[in-house]
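Me: Please take a close look at the interior of this model, its enclosed spaces in particular, and then at what packs around them. I would like the cut-offs stated along the way.

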Amino acid sequence: MPRIPGVRSRLKDTPVVGHKRVLLAAPRGYCAGVDRAVIAVEKALEHYGSPVYVRKQIVHNIHVVSELESKGAIFVEEVDEVPEGSHIVFSAHGVSPAVVNAASDRGLQAIDATCPLVTKVHREAVRFARDDFEILLIGHEGHEEVEGTAGEAPEHTTLVGSPDEADTVQVKDPNKVVWLSQTTLSVDETMETVRRLRARFPNLQDPPSDDICYATQNRQVAIKKVAQDADLVIVVGSANSSNSVRLVEVALEYGAKAAYRVDYASEIKQEWVDGVETVGVTSGASVPEVLVTEVLESLASAGYRDVEEVKTAEEDLMFSLPKELRTNLKGAKDKRALGGRNRP
Ligand code: SF4
């Protein structure tokens, strides 16, 4: 198992005026879709042996990826890097039909670990395109999830990357437009984008249900509460994790005096905590709890031993493993992923 770098804290216990404490946001960390995707790779490795190939990072977390690499997973950018006939896992962010076809043409045995909540958005895109709607897809250009969703209906989809882009995007028929979104956006910013789209296109149709997923929403609600009382917020998560980066933005917007994202506890800088009474801590949906524990230990060494959990929701969602594993692992005991559990 890869070592977590810098577990030993270099933070000093410097004096503050008041009482040092940590407000620990809940829910935080692993969501059901991430848990399922990581278990899918582990099960594939157990059953088929290494190597198992994974297209893109299975989830956007550097530690999770290196842990799976150490068990025999090989991460590739595209299916043409994979030897014919091999097993390939599609990541939690989903893939376009073009990628599925390319894997099939190459004779790869695909295991689809796309989060079911991303698949839901794909289905919406297919349905609205079939009904000849123009889809305004709110999301970040180049993000794998956006590429996968847009790939379901490329002729019908236009990306809207920000509220400002809502003011300029052009459509063919303003009476036949629908908005969909990436699952990991800022709820507030997305609603602002929709408000500005609707100001221009009053007949804009909404998705049948929220595209921003429960886990993204819950983590933002929790950090909003924490941020009101925090001098500093530390978000554990990787730089390419959309929902982790959004948590930093939301914390700043809701009152945190400072907010930073770290992959590991060793990245916390002394000057961030100097003079700080209250530190808020949370983690993105692709972050194993062990990384949060290391952050708490590091903070404890700097005098932040009083930890209060701020819980704004309970999560108990679970998804079944990808169907390819359910079929191929017939007889195996473990057929389900446990959503939201604290994995070591
Ligand atoms: S963040 Fe949401 S959409 Fe993404 S894997 Fe987790 S539950 Fe699924």
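Reply: What follows goes through the cavities, one pocket, the nonpolar cores and the aromatic pairs.

The model is a predicted one, in which local features need pLDDT of at least 70 and side-chain atom pairs count only at pLDDT 80 or more, while totals for chains, interfaces and linings use all residues. Residues are numbered from 1 along each chain as its sequence is written, and side-chain values use heavy atoms, with hydrogens and water left out.

A search of the whole structure finds three cavities of 30 Å³ or more. A cavity here is a set of points, on a 1 Å grid over the protein atoms alone, where a 1.4 Å probe fits but cannot get out, and its lining residues have an atom within 4 Å of a point. Grid points are joined across faces, edges and corners, and a volume is the space filled by probe spheres set on the points.

The largest cavity has a volume of about 270 Å³, and of the 24 residues that line it, Cys 31, Val 34, His 93, Thr 183 and Thr 184 are the closest to its centre. At least two lining residues come from each of H1, helix H4 (116-130), helix H8 (214-227) and helix H9 (242-253), where helices are DSSP runs (H or I, at least four residues) and strands are runs of E (at least two), numbered from the N terminus. H8 gives the most to this lining, with three residues. By class the lining of the largest cavity divides into twelve nonpolar, eleven polar and one charged; Ala, Val, Leu, Ile, Met, Phe, Trp, Tyr, Cys and Pro count as nonpolar, Asp, Glu, Lys and Arg as charged, and the others, Gly among them, as polar.

The second largest cavity holds about 80 Å³ of space, and its lining includes His 140, Ser 162, Glu 189 and Arg 246. Helix H7 (residues 187-200) gives the most to that lining, with three residues, and the classes are three nonpolar, seven polar and two charged.

For an open space, the second largest pocket holds about 150 Å³, a pocket being an open set with protein on both sides within 12 Å along at least five of seven lines. Among the residues lining this pocket are Arg 36, Asp 112, Arg 123, Lys 323, Glu 324 and Arg 326, and by class its lining has two nonpolar, two polar and six charged residues.

Turning to packing, the largest nonpolar core has 26 residues, and those with the most contacts inside it are Val 41, Ile 58, Val 59, Leu 68 and Val 89. Such a core is a set of buried Ala, Val, Leu, Ile, Met, Phe, Trp, Tyr and Cys residues joined through side-chain atoms within 4.5 Å, where buried means under 20% relative accessible area, exposed over 50% and partly exposed in between (1.4 Å probe, protein chains only). H1 (32-48) is one of the elements that give two or more residues to this core, and H1 gives the most, with seven residues.

The structure also holds two aromatic pairs, which require ring centres within 6.5 Å for Phe, Tyr and Trp (its six-membered ring), with planes under 30 degrees apart counted as stacked, over 60 as edge-to-face and the rest as tilted. Phe 128 and Phe 133 form an edge-to-face pair, 5.3 Å centre to centre with 80° between the planes, and both are buried. The rings of Tyr 260 and Trp 272 have centres 3.9 Å apart and planes at 5°, so this pair is stacked.
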